[in-house]
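Subject: Structure for you to look through

Dear colleague,

I am passing on the structure we spoke about, and below it you will find an account of what turned up. Please keep it open beside the text as you read.

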Amino acid sequence: MTFLSRRRMIAATGVAAMAAGCSPRARGDDDDPMRFTYGPHPSQYAELSLPAGSAPAPVVVVVHGGYWRSSYGAELGRPLAADLVGRGFAALNVEYRRMGDGGGWPRTGQDVAAAVDALAERPTGLDLGRVVALGHSAGGQLAGWLAARRGGTVPLVGAVLQAGVLDLVRGSADGLGGGAVDAYLGGSPARLPEAYAAASPVALVPLGVPTVCVHGTADTLVPLDQSEGFVAAASAAGDASTLHTVDGDHFDPITVGTPAWDLCVDGLRALTGR
């Protein structure tokens, strides 16, 4: 199955869930997420969904992948957000500027950070002491970077990294995404070593918070050694970091109902104490 056809299947799953009455409850509307902007660009928005009930809920920041390109967007995260809300989490599905639409490093990272910090302006129903990131593929890079960030208004307490691009130097050497890493950073590691050091999660260890990696052994888009290398480096640096491998491909961690997705949910529960 191609990346595009799997993407369409995942998006259709989210639409079907909403049609069946499984869409998340959000403040201001019983059926749809609350969408807010955190900047003037059309891609600077996020969708916040709250679970039923009055108690403050832990927050999962959902960061979609797509090799940072504008071909892929927040629709990839909507089925995940809907499922998480049904499990009692609040979900923040983040859109951001991507390559071809004003993005690239560091602007894309600044966007996801701004979306997370904007949670401080809408704390009702949210437990801002239990905010975790969930990032897939290129979104794994952003989630790992967010977890390492210091000085933000809303800090993270951990991250679940789903088949993440976590070593950008290795990703550049391997030509991941048809050269997407070099395009995202603006050049090669030899030309821009400081940018790679600032953006690559493996270069930022210890992150200071626990991480869980979930990766399919049959992944042909982001090799398993991306997660293996990150967990080894994070553990050696003193972080609590765990790798779960599954018999699946690149998309199993973001396909609700798969064993890989269940492992992601288990990781989120462990990180938030839910």
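**The cavity and the cores**

In this predicted model, the count comes to one cavity of 30 Å³ or more. The largest cavity holds about 80 Å³ of space, and 14 residues line it, with His64, Gly65, Leu76, His136 and Ile254 lying nearest its centre. Sorted by class, this lining of the largest cavity is made up of six nonpolar residues, eight polar residues and no charged ones.

As you turn to the packing, it may help to recall that, in soluble globular proteins, nonpolar side chains tend to be buried together. Here the largest nonpolar core has 57 residues, and those with the most contacts inside it are Trp68, Leu92, Val94, Val112, Leu168, Leu185 and Phe230. Helix α4, which covers residues 138–148, gives the most to this core, with seven residues. Apart from it lies another core, of 19 residues, which includes Val60, Val62, Cys264 and Val265.

If residues up to four places away in sequence are not counted, Leu92 touches a list of residues that includes Phe36, Leu48, Val60, Val62, Ala115 and Leu119.

Finally, is Thr272 buried or exposed? Thr272, which is found in helix α9 (residues 259–272), has a relative accessible area of 5%, and because buried means under 20%, Thr272 counts as buried. Leaving aside its neighbours within four places in sequence, Thr272 is in contact with Pro58, Phe89, Arg130 and Val132.

With best wishes

Methods: Residues numbered from 1 in each chain as written. Predicted model: local features only at pLDDT ≥ 70, side-chain atom pairs only at ≥ 80, totals over all residues. Heavy atoms only, no water. Helix = DSSP H or I, 4+ residues; strand = E, 2+ residues; numbered from the N terminus. Buried < 20%, exposed > 50% of the residue type's maximum accessible area, 1.4 Å probe, protein only. Contact = heavy atoms within 4.5 Å. Core = buried A, V, L, I, M, F, W, Y, C linked by side-chain atoms within 4.5 Å. 1 Å grid on protein atoms, 1.4 Å probe; cavity = no way out; pocket = protein on both sides within 12 Å on 5 of 7 lines; lining within 4 Å. Points joined across faces, edges and corners; volume = space filled by probe spheres on them. Nonpolar A, V, L, I, M, F, W, Y, C, P; charged D, E, K, R; others polar.
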